[in-house]
Amino acid sequence: MSSNGPETDARRIASDARERVRFEEEVMDLADQVYRVARRLVPTREEAEDLVQETYARAFRSWRSYTPGTNLRAWLFRILTNLNIDRGRREQRAPATQPLEEGDYFLYNRLEADSGSEDEERIVERLSQDGIVDALSVVPHDFRDVIVLVDIGDFTYQDAAQILDIPIGTVMSRLHRGRRILKQQLAEAAVQEGA
Amino acid sequence: MMGLDPCAKCEEVLQPFLDRELSEAEHAAAEAHLDECSYCRKRYRFEEKLRMYVRQACAEQMRPELKAKLAALRTPII
């Protein structure tokens, strides 16, 4: 029992409970975003659902380790990515020597040459949405994690670095290489479809 | 960067430009080039649309059952 007396203790407990409720509400508001990112980190919907549930169970359990006023999204997504790593989904390694296209314009150039159209909208529409999801799933984990956090989770390079616990330079190089791999997959899929 | 062809330089900063991670000066330099170069402009617009398209493709909604399960994990209010 604290020396502050029962009244102060009761007040502290009540304020603690309020803070906890607020924390849980804010975490719940992020659920759609967490699911969208989780869904692209793992191959199936079932696994994504498990991963999100584990993330929420851990977040609610360890709410005291969150410092109010700091970046709650980054804190929550760090739990998600750590759990994903713990679940042993890291066996797939990036092929270090896979040759990649030289520049960032190559997908446009390839599709433009292929379709004979110069309209960006039409060119993008040649790619199917299923094709994009498939292409993303082929990108090796380390690269995909960064693409998913930045492009789907809308995190800055700095936040992605904090979430994945890697230097910002690594975020940038993985993003760079990952997007090239993604585009290469899309280019190959488009060529196959057109053939 | 001295000596680099302006379109090559523009291609090089495409990703950080769209990620809003360039410094103000770098961003302004890329914009100035885009204003006068339709070749790069087209490719930037394509990249922007591609990103929106990727985002749409990945906009899968969670099932309401999952949301209910998450809510059930919350601390019960006594």
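## Pockets, cavities and helices in a two-chain model

The residues that line the second largest cavity fall into three classes, with 4 nonpolar, 2 polar and 2 charged among them. This structure is a predicted model, and every value in this report is computed from that model. The second largest cavity encloses about 40 Å³ of space, and its walls are formed by R126(A), L127(A), S128(A), G131(A), L186(A), A189(A), A190(A) and E193(A). Helix α10(A) supplies the largest share of this lining, with 4 residues.

**Enclosed and open spaces**

How many cavities of 30 Å³ or more does the structure hold? There are 2 of them. The largest cavity has a volume of about 110 Å³, and the residues that line it are D151(A), R179(A), L182(A), K183(A), Q15(B), E47(B), L50(B), R51(B) and V54(B). Two or more residues of this lining come from each of two elements, namely α10 of chain A and α4 of chain B. Helix α4(B) gives the largest share, which amounts to 4 residues. Sorted by class, the lining of the largest cavity contains 3 nonpolar, 1 polar and 5 charged residues.

Besides these cavities, the model has pockets, and the largest pocket has a volume of about 320 Å³. Its lining consists of 13 residues, of which D154(A), L18(B), R20(B), R51(B) and R55(B) are the closest to the centre of the pocket. The elements that contribute two or more residues to this lining are α8 (141-152) of chain A and α4 (38-57) of chain B, and the largest share, 4 residues, is that of α4(B). By class, the lining of the largest pocket is made up of 4 nonpolar, 1 polar and 8 charged residues. R51(B) is therefore a residue to look for twice in the structure, since this arginine is listed in the lining of the largest cavity and is also one of the residues closest to the centre of the largest pocket.

The table below sets out the volumes of these spaces.

| Space | Volume |
|---|---|
| Largest pocket | about 320 Å³ |
| Largest cavity | about 110 Å³ |
| Second largest cavity | about 40 Å³ |

**Helices and loops of chain A**

Helix α8(A), which takes part in lining the largest pocket, is largely enclosed by the rest of the structure, because 12 of its 12 residues are buried. Among these buried residues are H141(A), D142(A), R144(A), D145(A) and D151(A), together with others such as F143(A), V146(A) and I152(A). Just after α8(A) comes D154(A), with a positive phi of about 65 degrees, a positive value in a residue other than glycine. D154(A) sits in the loop between α8 and α9 (157-164) of chain A. Is D154(A) buried, partly exposed or exposed? Its relative accessible area is 41%, so D154(A) is partly exposed.

D165(A) offers a second case of a positive phi in a residue other than glycine, with a value near 55 degrees. The loop that holds D165(A) is the one between α9 and α10 (168-194) of chain A. With a relative accessibility of 58%, D165(A) counts as exposed, because the cut-off for that class is over 50%.

Earlier in the chain, helix α5 (residues 106-115) of chain A has F106(A), L107(A), Y108(A), L111(A) and E112(A) as buried residues. Just after α5(A), G116(A) adopts a positive phi of about 75 degrees. Helix α4 (residues 72-86) of chain A contains I85(A), a residue that counts as partly exposed at 37% relative accessibility. The C-alpha atoms of I85(A) and E188(A) are 29 Å from each other, and the two residues are 103 apart along the chain.

**Chain B as a whole**

Chain B has 5 helices and 0 strands, so that its elements, read from the N terminus, run α-α-α-α-α. What is the radius of gyration of chain B? Chain B has 21 Å, whereas a compact globule of 78 residues would have a value near 12 Å. The C-alpha trace of chain B spans about 70 × 25 × 15 Å along its principal axes.

Of the 78 residues in chain B, 36% are buried. Among contacts in chain B between residues at least 6 apart in sequence, those that join residues at least 24 apart make up 54%. The area that chain B exposes is about 5000 Å², and carbon and sulfur atoms supply 56% of it.

Technical notes
Residues are numbered from 1 along each chain as its sequence is written. Chains are lettered from A and ligands numbered from 1 in the order in which they are written. This is a predicted model: local features need pLDDT of at least 70, side-chain atom pairs count only at pLDDT 80 or more; totals for chains, interfaces and linings use all residues. Side-chain values use heavy atoms; hydrogens and water are left out. On a 1 Å grid over the protein atoms alone, a cavity is a set of points where a 1.4 Å probe fits but cannot get out, and a pocket is an open set with protein on both sides within 12 Å along at least five of seven lines; lining residues have an atom within 4 Å of a point. Grid points are joined across faces, edges and corners, and a volume is the space filled by probe spheres set on the points. Ala, Val, Leu, Ile, Met, Phe, Trp, Tyr, Cys and Pro count as nonpolar, Asp, Glu, Lys and Arg as charged, and the others, Gly among them, as polar. The radius of gyration is taken over C-alpha atoms; the globule rule is 2.2 Å times the number of residues to the power 0.38. Buried means under 20% relative accessible area, exposed over 50%, partly exposed in between (1.4 Å probe, protein chains only). Contact means heavy atoms within 4.5 Å. Accessible areas come from the Shrake-Rupley method with a 1.4 Å probe; for residues, only the protein chains shown count as cover.
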